[in-house]
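Open the structure in your viewer and keep the sequence panel beside it. The tour below says what to select at each stop and what is found there.

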Amino acid sequence: DKNLENAEEAAEQFKLIQAAYDVLSDPQERAWYDNHREALLKGGVDGDYQDDSLDLLHYFTVSCYSGYGDDEKGFFTVYRQVFEKIAKEELEYMTQEDVEEFPMFGYSHSDYDTVVHPFYAYWQSFCTQKNFAWKEEYDTRQASNRWEKRAMEKENKKTREKARKERNELIRQLVAFIRKRDKRVQAHRKLVEEQNAEKTRKAEEFRRQQKLKQAKLAEQYKEQSWITMSDLERELQEMEAQYEKEFGDGSGGEDELEEQETKGIEDKLNDETEEAEFVDGLYCPACDKMLKTEKAMKNHEKSKKHREMVSLLRQQLEEEEGKFPVSLDDADGIQTKEEEETEDIPKQKYFK
C-alpha cells in the first residue's frame, strides 16, 4: 500500500513477510528455524549448503609456515591468523550474553605467563559453539507422527554431536601440534628445568653443609669430653699424692679395715636373709615340723597325728604351770618383758 508504483514487487515481499510470520508464530516451526538458521541463511537445508568453516588440515604440516619470525609467512603470524578466524566463526553462533574473549596466539616476543600460557590453557580444552544443524539427515517437518519425529530428532542429535566432537578434537590436535613446535614453550621449559636443577643443587649443598656441621659438632663434643676426663683424673691423682704426703702411706691398713667392714656387712646381710626365710616359713611346734606352704600347713593341722601331739603338749604345759604357779599380773609383766627382749634381739631358728 506504500509502493503504488511497484505493486507486484511489494506483493511478493508481503508474501515473504507473511510466511515468516507464520513460521515464527508456530513454536515448533520457530524451534526448527532457530536450529537451522545458519544453514538457511547460507544456502538452505536441501543439500546446497556448503560449510565455510576454516579447513584446519592444511595447518598440520611445517610447510604452511616459513621460519619462526613475525613476518607474513612466519610461524607466529600464520597460526595467529588461524585462531583469529576460528574465534570469528565462533562469535557468529553466540548470543550477546554468551560472547566471551578468546585468548590469542601472540607474537614471538610475547610473555609466557600473560599470553602464551593462557592461550594454550584455553584452546587445549576448547569446545565449539556451532550446532552443526546442516549435518542432519532427516527433516522432522516431514514426519507423519510424533514417534517418527522423535526417532528423526534422536538420529539428528547423534549426527550433530558427532560433528561437534570431531571439530573439537581437530582444534585440540592442532593446538598440540603447534605447542610442540612453539619456541616460546621450549624456552620456558628449558628455564624451568634449569631452575629445578638449581633448586636441587642448592638443596644438596644445604644438606651437605648440615652433615658437615653436625659431624664437626660431634667431633668437638668428643674432644671436650676427653679433655674433661683427663683433667679430672689428673686432679684426683694430685689429691691422692697430697694426702699421702701429709698423712703418710696408710693404704695397706685402710684396705684391711675396708675388707673387714665389708665382710661384716656381708655376714649381717646373710643372717638377716636366713631370718627372713625362717619367719616366712611355716613351723608346727607341737610336731616340731617345718612346712613349705599354707595349704600344707592347713592339711597338717587337720591330721590326727597333729591333734594328738597338740593334746599331749597342752597336758605337759598344764602340768608345768601347776608346779610353778604365776599370778596374772606377773605373767603379763614377764610376757611384756619377753616381747621387748624379743624385739631387741634378732630372731633365731628353732631347734628341737
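A residue is called buried when its relative accessible area is under 20%, exposed when it is over 50%, and partly exposed in between. By that cut-off Glu204, with a relative accessible area of 44%, is partly exposed. The same three words return at most stops. The model is a predicted one.

**The whole chain**

Start with a cartoon view of everything. The protein has 11 helices and 2 strands. Followed along the sequence, the pattern is α-α-α-α-α-α-α-α-β-β-α-α-α. Of its 352 residues, 18% count as buried. Switch to a surface view: the accessible surface comes to about 28000 Å², and 51% of that belongs to carbon and sulfur atoms. Contacts can be sorted by separation along the chain. Among those between residues at least 6 apart in sequence, 57% join residues at least 24 apart.

**Salt bridges in helix α7**

Side chains of opposite charge can pair when their charged atoms come close. The structure holds 8 salt bridges.

Select Glu204 and Arg207. They form a salt bridge whose closest N and O atoms are 2.3 Å apart. Both residues lie in helix α7, 3 residues apart, about one turn of the helix. Glu204 was classed above as partly exposed, and Arg207, at 41% relative accessibility, also counts as partly exposed.

Now select Glu198 and Arg201. Their side chains meet in a salt bridge, 2.6 Å from N to O. Because these two residues are 3 apart in helix α7, about one helical turn separates Glu198 from Arg201. Glu198 has 31% relative accessibility and counts as partly exposed; Arg201, with a relative accessible area of 47%, is partly exposed.

**A salt bridge across the chain**

Next, select Glu89 and Lys130. Which parts of the chain does this pair link? The salt bridge itself has its closest N and O atoms 3.1 Å apart. Glu89 is in helix α4 and Lys130 is in the loop between α5 (112–123) and α6 (146–181), so the pair links distant parts of the chain, 41 residues apart.

Are Glu89 and Lys130 buried or exposed? Glu89 has a relative accessible area of 14% and is buried. Lys130 is buried too, with a relative accessible area of 2%. Add Arg167 to the selection: Glu89, Lys130 and Arg167 are linked in a network of salt bridges.

**Lys165 and Cys127**

Select Lys165, in helix α6. At 58% relative accessibility, Lys165 counts as exposed. Then add Cys127 and draw a distance between the two C-alpha atoms. Lys165 and Cys127 are 8.4 Å apart in space on that basis, and 38 residues apart in sequence.

**Aromatic rings**

Show the side chains of the aromatic residues. The structure holds 22 aromatic pairs. One of them is Tyr65 with Phe75, an edge-to-face pair with 5.0 Å from centre to centre and 80° between the planes. Tyr65 sits in the loop between α3 (37–41) and α4 (75–91), while Phe75 belongs to helix α4, so this pair ties together parts that are 10 residues apart in sequence.

How accessible are the two partners, Tyr65 and Phe75? Tyr65 counts as buried at 10% relative accessibility. Phe75 counts as buried at 1%.

**Charged side chains over rings**

Two further selections show a charged side chain over a ring. The first is Lys183 with Tyr68: Lys183 lies over the face of Tyr68, 4.7 Å from the ring centre. The second is Arg184 with Phe105: Arg184 lies over the face of Phe105, at 4.7 Å from the ring centre.

**A nonpolar patch**

For the last stop, return to the surface view and select Leu232, Leu236 and Met239. These residues form a nonpolar patch on the surface, with about 300 Å² of accessible area together. Met239 lies in helix α7, which covers residues 183–247. How is Met239 classed, buried or exposed? Met239 has a relative accessible area of 56% and is exposed.

Notes. Residues numbered from 1 in each chain as written. Predicted model: local features only at pLDDT ≥ 70, side-chain atom pairs only at ≥ 80, totals over all residues. Heavy atoms only, no water. Phe/Tyr/Trp six-rings, centres within 6.5 Å; stacked < 30°, edge-to-face > 60°. Helix = DSSP H or I, 4+ residues; strand = E, 2+ residues; numbered from the N terminus. Buried < 20%, exposed > 50% of the residue type's maximum accessible area, 1.4 Å probe, protein only. Lys NZ or Arg CZ within 6 Å of the ring centre and 35° of its normal. Patch = residues over 30% accessible without salt bridge, like charges linked within 9 Å, V, L, I, M, F, W, Y side chains within 5 Å. Areas by Shrake-Rupley, 256 points an atom, 1.4 Å probe, with all protein chains shown as cover. Salt bridge = Lys/Arg side-chain N within 4 Å of Asp/Glu carboxyl O. Contact = heavy atoms within 4.5 Å.
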